[in-house]
Amino acid sequence: MDKQKVAAILDEIGTLLELQGESSFRCNAYHNGAQAIEQLEEDLATVVREGRLADVPRIGDTLREKITVLVTTGHLPYYEELRKKTPPGLLDMLRIQGMGPKRVKLLHDKLGIDSLDKLERACLDGEVAKIKGLGEKTQQKIVEGIHFLRQMGSRVRVDLALALADRLREGLAQAPGIHRMELCGSLRRRRETIKDIDILIASDDPAPIMDRFVALPGVVQVIGHGDTKSSIVVEGEGRTLMNADLRIVNDAQFPFALNYFTGSKEHNIAMRVRAQEYGLKLNEYELSGPHRHIAARDEADIYKALDLAYIPPELREDTGEMEAAASGRLPHLLEIGDIKGVFHCHTTYSDGANSAEEMALAAKALGLKYLGLADHSQSLTVANGLSPQRVRQQQAEIDRVNATLKGFTIFKGIECDILPDGQLDYPDDVLATFDYLVASVHSHFNQSREEMTARIVRAIRNPHVTMLGHATGRLLLKRDAYPVDLEAVLQAAAETGTMVEINAHPARLDLDWVHCKRAKALGVKLVVNPDAHAADDIALYRYGVDVARRGWLERGDVFNTKTLAETTQALAARRSASRS
DNA sequence: GCCGTTTTCGGCCCGACTGTTTTCAGTCG
């Protein structure tokens, strides 16, 4: 059982215990444990086998035992018992805005409600309002919450959320009296999917800004409207519905509020614990002690007051950044301007929308110095994969375009299918004509974990392969990763010097940030690629830079930060090595 | 259930908002 699954089960146990009315601390221990497992960089089965679970923070004796049973046997009787005791509909009810474990339990105990449908019916019949502690308004909010839940998927891709957030910010920017405005929350930390949009404003006159916020175009519901905090549901591109919160503080409070609302929750707790060690109290308004009050112009001042280097938002997950910041070992993170070119782009030769020349000009306009074209290989007929003859045609075309470009080069690549047995999709003489190869899995997703791992490792060991494309094949919020032992894949890449792509397309973000950290630890070189299928898509590599930053990567960890001359030389060296 | 340079027991982040309340519980982030 993989760690995502184990983490999901631990998390669900925490929730089920909440519904039983268990102590919140005990419940949180399961939620915390789930997070610890999810963010584990290593292979969970290995850690369990080598008896190193006890070294993982937030995993104690009880959780260690349960995780071990789960990993070794594939199931956990304790969890199954708990599930049997709890109707599945209660978990759905928990997802309603304003419904927590106490109210779900109350409604279940008093009215026997165990599903969204029954809850909606009870609200419409006025039964819910009759319960002591609830009332007409709560009943109405529950109906609205159910309606919202049915329309909205729970999380939204980071690019869609960012576009919606930008629209809100533009709308707000016209309000009077705004000193500063920033995005916070998971959007500022650049998580791959986003639950809601958090905006923070510094102002001395919040009321008109709040009034403007709840009346912005696209607002479909006002959940709360207070002096310092308001909450709305807003509609974005493709009828995406999202929650958005606005907080307003004064300018002196702004850095503390920005830090607090950026999170993560775990990072905040670590920060407060550190403040306590300094005899100080940290909250969203101030950092202060009994005899002093620490002023801050920006977030860096807060970190400085606690003897920490400034921690970029992407690292704030309580996965070692506090220790690194305290000892001056924070990485100097990759920046968007470090990227000099990208390697995984498609043209009209396969399933892209633009020609080689159009793609090159678009890349050049973005300030890039080179572009790798990697259309699909012949087996992928649905994507118009290239026969050896069409490979030759495309390469001739690239030569013609290259002759017209100054200070810019198109590299001849291919996104070569990894066939079910791990072989590549062309004979060696064709493979030898490319400047580089991206090897990817596009078929037979239902192979066993062992088969899939062996298949990918075999491709990695093939000297023609320059880099592995989208390592797990996941499509965020749509399709799970195929089963694969990433640890084995990364180790093979480390041994052979094969690079691993960070597929930056916001639908993929694959390799993910957790495994970027692992790849770096193993010495694997990463490549940020947009997987562009149109000229406009090339700029998507920015989302891969976000992943790299969350994965603690520095410029030297990423191949496509090299200059054109260095890249040309490095690719040529690899090619001559693979031919010999 | 986890954790420990004040603790192996007794803590565990905390403030805003809402609704249903006459002083607070529940939810959220």
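This is a short talk through the domains, salt bridges, cysteines, one helix and some backbone details of a structure.

Hi everyone, thanks for coming. Before anything else, please keep in mind that this is a predicted model.

Let's begin with the overall layout. Chain A is split into four pieces by the domain assignment: domain 1 covers 3–151, domain 2 covers 156–251, domain 3 covers 255–326, and domain 4 covers 336–579. I'd like to look at domain 1 and domain 4 together. Their C-alpha centres are 40 Å apart. Where they meet, seven residues of domain 1 are in contact with eight residues of domain 4. The size of an interface is often given as the accessible area lost when the parts come together. For domain 1 and domain 4 that comes to about 600 Å², with 52% of it on carbon and sulfur atoms. Which residues supply 70% of the area that domain 1 buries against domain 4? They are Q39, E41 and D43, and no other three residues supply more. There is charge pairing here too: the rule finds two salt bridges across the interface of domain 1 and domain 4. E41 also pairs with K517 in a salt bridge, where the closest N and O atoms are 3.6 Å apart.

That brings me to salt bridges in general. Over the whole structure, the search returns 31 of them. Let me pick out a few.

My first example is R188 with E299, whose side chains meet at 2.8 Å, N to O. The two come from distant parts of the chain, 111 residues apart: R188 sits in helix α11 (residues 185–189) and E299 in helix α15. Buried or exposed, you may ask? R188 and E299 are both buried.

Next comes D546 with R190, a salt bridge at 3.2 Å, N to O. Here the separation along the chain is 356 residues, with D546 in helix α23 and R190 in the loop between α11 and β3 (193–194). D546 counts as buried, at 11% relative accessibility, whereas R190 counts as partly exposed, at 22%.

Then we have D399 and K412, which meet at 2.8 Å, N to O. D399 belongs to helix α18 (residues 388–404) and K412 to strand β13 (residues 409–417), so this salt bridge ties together parts 13 residues apart in sequence. With a relative accessibility of 41%, D399 is partly exposed, while K412 is buried at 17%. Finally for this section, E42, E50 and R52 are joined into one network by salt bridges that share partners.

Now, cysteines. A disulfide is a covalent bond between the sulfur atoms of two cysteines. How many disulfides does a search of the whole structure find? Zero. Take C416: the closest cysteine sulfur to its own is in C345, and at 17 Å that is too far for a bond. C416 is buried, with 0% relative accessibility. C184 is buried as well, at 2% relative accessible area.

Let's move on to a helix, α12, residues 206–214. Its buried residues are I209, M210, F213 and V214. Why do they fall on the same side of α12? Because they cover an arc of only 130° around the axis. Among the elements covering them are the helix α10 (158–173) and the strands β4 (196–202), β5 (219–225), β6 (229–235) and β7 (241–249).

I'll end on the backbone, which I suspect some of you will want to look at. Most residues other than glycine have a negative phi, and most peptide bonds are trans. Against that background, the bond from G263 to S264 is cis, with omega near 0°. S264 is placed in the loop between α13 (254–262) and α14 (265–277). The bond from D510 to L511 is cis too, with omega near 15°, and L511 is in the loop between β16 (499–503) and α22 (513–522).

As for phi, D318 has a positive value near 55° without being a glycine. You'll find D318 in the loop between α15 (299–305) and α16 (321–326), partly exposed at 27% relative accessible area. W552, also not a glycine, has a positive phi of about 65°. W552 is in the loop between α23 (541–550) and α24 (564–579), and it is buried, with a relative accessible area of 14%.

That's my tour. Thanks for listening!

Key
Residues are numbered from 1 along each chain as its sequence is written. Chains are lettered from A and ligands numbered from 1 in the order in which they are written. This is a predicted model: local features need pLDDT of at least 70, side-chain atom pairs count only at pLDDT 80 or more; totals for chains, interfaces and linings use all residues. Side-chain values use heavy atoms; hydrogens and water are left out. Helices (H or I, at least four residues) and strands (E, at least two) are DSSP runs, numbered from the N terminus. Buried means under 20% relative accessible area, exposed over 50%, partly exposed in between (1.4 Å probe, protein chains only). A disulfide is a pair of cysteine sulfur atoms within 2.5 Å. The arc is that of the directions from the helix axis to the C-beta atoms. Contact means heavy atoms within 4.5 Å. Domain bounds come from an automatic or database domain assignment. Buried area is the accessible area (1.4 Å probe) that two parts lose on being put together, summed over both. A salt bridge is a side-chain nitrogen of Lys or Arg within 4 Å of a carboxyl oxygen of Asp or Glu.
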